Amino acid sequence: MREDPITRTTLIDESPPFIPDSPELMTVLIEVPPGESIPPHRHSGPLSAYVLEGEMTFELEGQPERVVRAGEAVFEPGGDLIHYQTANNQETWLRFLATMIMVPGQPMQTLVSEAELEQRRDRRAPRR
């Protein structure tokens, strides 16, 4: 019997808190220049991301910020949770693939206002 030459590496094994009815699935390549970041936002459904190049500072509501490097993956449950940071603090480009399960007819991301950030600041983990 021949050995299986294919290698499979589990990067994320999560149970999403919910799947929208009649969901839409989107996979996007996101490229962030050195020193740039994506503003605070939320997603209508669960998301997983895999860093192809560089590293990102990643922060979700209620969790401390952390660095995610090339070859690592992250999971975000989506819904009401604020995604505070996807920042590229390096001198090289950050490139990552994000796969989202979305509520039909809603945008892939919705920016969060300064007023809402202030109202929910007690939900943000202490920062360095």
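Accessible areas here come from the Shrake-Rupley method with a 1.4 Å probe. The model is predicted. Work through the exercises with the structure open.

**Exercise 1. The whole chain**

Describe the protein chain by its exposed area, its box, its burial and its charges.

Solution.
- Start with the surface. The protein chain exposes about 8,000 Å². Carbon and sulfur atoms supply 49% of that area.
- Take the extent next. Along the principal axes, the C-alpha atoms fill a box of roughly 65 × 40 × 25 Å.
- Turn to burial. A residue counts as buried under 20% relative accessible area. Of the 128 residues in the protein chain, 35% are buried.
- Finish with charge. The chain has 12 positive and 21 negative charges. Their mean positions lie 3 Å apart.

**Exercise 2. Elements and contacts**

Give the order of the elements, then say what share of the contacts between residues at least 6 apart in sequence joins residues at least 24 apart.

Solution.
- Count the elements. The protein chain has one helix and ten strands.
- Read from the N terminus. The order is β-β-β-β-β-β-β-β-β-β-α, with the helix at the end.
- Now take contacts between residues at least 6 apart in sequence. Of these, 79% join residues at least 24 apart.

**Exercise 3. The four-stranded sheet**

Work out the strand order of the open sheet and find its edges.

Solution.
- Lay out the order. The open sheet of four strands runs 1-9-4-7, with antiparallel pairing.
- Find the edges. Strand 1 (24-32) and strand 7 (73-76) each have a single partner strand, so one side of each has no neighbour in the sheet.
- Check the twist. Neighbouring strands of this sheet are turned by 20° against each other on average, direction ignored.
- Recall what holds such pairs. Strands of a sheet pair through backbone hydrogen bonds, either parallel or antiparallel.
- Go pair by pair. Strand 1 and strand 9 are antiparallel over nine bridges. Strand 4 and strand 9 (residues 94-102) are antiparallel and joined by six bridges. Strand 4 (residues 47-53) and strand 7 are also antiparallel, with four bridges.

**Exercise 4. Bridge partners**

Which residues of strand 7 and strand 9 are the bridge partners of Y50 and L47 in the sheet?

Solution.
- Take Y50. Its bridge partner in strand 7 is A73. In strand 9, Y50 has L97 as its partner.
- Take L47. Its bridge partner in strand 7 is E76. In strand 9, L47 has M100 as its partner.
- Add a pair across strand 9. V28 stands opposite A98.

**Exercise 5. Two faces of strand 9**

Sort the residues of strand 9 into a covered face and an uncovered one.

Solution.
- The covered face holds L94, F96, A98, M100 and M102.
- The uncovered face holds R95, L97, T99 and I101.
- Link this to the bridges. M100, the partner of L47, is on the covered face. L97, the partner of Y50, is on the uncovered face.

**Exercise 6. V51 and P20**

Is V51 buried or exposed? Is P20 buried or exposed? List the contacts of both.

Solution.
- Place V51. It is in strand 4. V51 has 1% relative accessibility, so V51 counts as buried.
- List its contacts, leaving aside neighbours within four places in sequence. V51 is in contact with M56, V68, R69, A70, G71, E72, L94, R95 and F96. Among them, L94 and F96 belong to the covered face of strand 9.
- Add a distance. V51 and Q85 are 34 residues apart along the chain, and their C-alpha atoms are separated by 15 Å.
- Place P20. It lies in the segment before strand 1. P20 has 9% relative accessibility, so P20 counts as buried.
- List its contacts, not counting residues up to four places away. P20 touches P46, I101, M102 and V103.
- Add a distance. P20 and S44 are 24 residues apart in sequence and 8.3 Å apart in space, C-alpha to C-alpha.

**Exercise 7. S22 and R121**

Are S22 and R121 buried or exposed? What is the sign of phi in S22?

Solution.
- Place S22. It is in the segment before strand 1. Its relative accessible area is 61%, so S22 is exposed.
- Check the backbone. Phi of S22 is near 45°, a positive value. Most residues other than glycine have a negative phi.
- Place R121. It lies in the segment after helix 1 (114-119). Its relative accessible area is 57%, so R121 is exposed.
- Add a distance. R121 and R2 are 119 residues apart in sequence and 57 Å apart in space, C-alpha to C-alpha.

Notes. Residues numbered from 1 in each chain as written. Predicted model: local features only at pLDDT ≥ 70, side-chain atom pairs only at ≥ 80, totals over all residues. Heavy atoms only, no water. Pairing = 2+ DSSP bridges. Axes fitted to C-alpha atoms, helices over the stretch in contact; angles between N-to-C directions. Buried < 20%, exposed > 50% of the residue type's maximum accessible area, 1.4 Å probe, protein only. Contact = heavy atoms within 4.5 Å. Lys, Arg positive; Asp, Glu negative; His and termini not counted. Charge placed at Lys NZ, Arg CZ, Asp CG, Glu CD.
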